[in-house]
Amino acid sequence: MIEVTAKVVRGPVYLTGESVECYITFSNTPAPVHKRSQSNSDAFESLAWASAQIHCQCTTNSKVTYPDENLFTAEELSTANTDTSFAPCRGERGHVVLSTKPRILFCDLRLSAGESKSYLYSEMLPSEAPPSYRGQAVKYSYKITIGMQRVNSPIKLLRVPLRVLVVNGFQEASLCGDSEELAPSNPFLQIQQKETLFDLAMQAVQTLTSKRSPNFYNITKSQGKVVRFCLFKQAYKLGEDIVGTFDFSEATVPCVQFSVVLQSEEEIAPGCRSWSKQGSAVVSYTKYHEVCLSLKHSQLILPIPLHVTPGFTTDLVTLRWRLHFEFVTSNTHLIHELPARDLENGNIWGGPARLNIETMVWNLPIKIYPTTPLQISQGLQTQLKHRLAV
């Protein structure tokens, strides 16, 4: 028996434009003593060939219609012969939207008992690739597919899942001014290494998310002012905290409580919708809630999970992010403080038993960008090794 082990070198998370490296090891695992044959030929195991390839599969539900239903890739058409054709998408639902060229690892491999051989598979992710995404109507999933075959036997496939991130807005950040913020300038450094696309992308993310420009919003309704909200910046990285402040000191309408929810909004492209009046799909994630009656000031601390997908746009779908606010206000006249004579008598202020309330909602768009792939890999603790017995 040959055991195949695949291990992604740096973890399963990558940015587009990066090189994916995966060690693939083939080992001849001896059978148990009571199952061994007396023939010497059983001491050797052989494989005719092995190949590796990266592909991205797009899966949709009934809410999405492809522009061309007859559009199939060579990989999808090759699945007609399910035994002898190396088709990474075999058994997968949906369409192949990206596929790298197959790389042959070896031909005619022979391993003696206990022997192992390792191969390094390396492939660069195209910069125009879509990100990994598991949405309500659309799903993009990446895999390294390793195909192998014994002589006169069906092909076996080992799939290694990947997560691919895209820096949306990278061109805007890299083209602003003379790119002084993206290119380090040190006149005392004589030898400068050429920066990779990964370095430039991470510098662009840092530039886009580090700018602090507080924005103030006056939340009002017909009866008067509810609160003044301050958000310190509009762009964030995965794993960051969204921080803001609420100022009720000048409010004329009492606010009983408020909540803030981080939401994603998935919008299908107009030409790919099954129904013309089809709306966006909204998904809620982290939530911050506080009872603020009688408070002058309050704060917002809302973490961004590492497993979500930053905003992006493809020909099929657009993903945006927003903060969804809900303010519960009251028109009931409230006395927040007791007179001094009541306090001297030991009386304690108590809240009203019943309030007339109204709820008002507000959505504030924000932008979310990727963080370093290594940070995401460590935070999610994903599986690194994948095995298959041939």
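## Worked exercises: burial, contacts and empty space

Buried residues (under 20% relative accessible area with a 1.4 Å probe, protein chains only; exposed is over 50%, partly exposed in between) make up 43% of the 390 residues in the chain. This is a predicted model, so local features need pLDDT of at least 70 and side-chain atom pairs count only at pLDDT 80 or more, while totals for chains, interfaces and linings use all residues. Residues are numbered from 1 along each chain as its sequence is written, and side-chain values use heavy atoms, with hydrogens and water left out.

**Exercise 1. Get an overview of the chain.**

Step 1: start with secondary structure. Helices (H or I, at least four residues) and strands (E, at least two) are DSSP runs, numbered from the N terminus. The chain has 5 helices and 21 strands.

Step 2: look at contacts, meaning heavy atoms within 4.5 Å. Take those between residues at least 6 apart in sequence: 75% of them join residues at least 24 apart.

Step 3: turn to the surface. By the Shrake-Rupley method with a 1.4 Å probe, where for residues only the protein chains shown count as cover, the chain exposes about 21700 Å², with carbon and sulfur atoms supplying 51% of it.

**Exercise 2. Place Met360, and decide whether it is buried or exposed.**

Step 1: find Met360 in strand β20, which covers residues 357-369.

Step 2: check its accessibility. Met360 counts as buried because its relative accessibility is 17%.

Step 3: list the partners. Skipping residues up to four places away in sequence, Met360 touches Ile219, Thr220, Lys221, Val226, Phe325, Glu326 and Phe327.

Step 4: try a distance. Met360 and Thr329 sit 31 residues apart in sequence, and their C-alpha atoms are 7.8 Å apart in space.

**Exercise 3. Work through two serines, Ser141 and Ser377.**

Step 1: Ser141 belongs to strand β9. Its relative accessible area is 14%, so Ser141 is buried. Beyond neighbours within four places in sequence, Ser141 contacts His55, Cys56 and Gln57.

Step 2: Ser377 is found in helix α5, residues 373-380. With a relative accessible area of 11%, Ser377 is buried too. Setting aside neighbours within four places, Ser377 is in contact with Gly11, Pro12, Val13 and Thr382.

**Exercise 4. Describe the largest pocket and say why it lies between two domains.**

Step 1: fix the terms. On a 1 Å grid over the protein atoms alone, a cavity is a set of points where a 1.4 Å probe fits but cannot get out, and a pocket is an open set with protein on both sides within 12 Å along at least five of seven lines; lining residues have an atom within 4 Å of a point.

Step 2: the largest pocket has a volume of about 630 Å³, where volume is the space filled by probe spheres set on the points, and points are joined across faces, edges and corners.

Step 3: its lining has 29 residues, with Ser132, Tyr133, Arg134, Arg163 and His307 nearest the centre. The largest share, 5 residues, comes from β9.

Step 4: now the domains (bounds from an automatic or database domain assignment). The pocket lies between domain 1 (2-166 + 374-389) and domain 2 (212-335 + 355-369) because both give residues to its lining.

**Exercise 5. Find the enclosed space.**

Step 1: searching the whole structure gives 1 cavity of 30 Å³ or more. The largest cavity has a volume of about 30 Å³.

Step 2: Val8, Pro12, Val160, Pro161, Gln383, Leu384 and His386 line the largest cavity.
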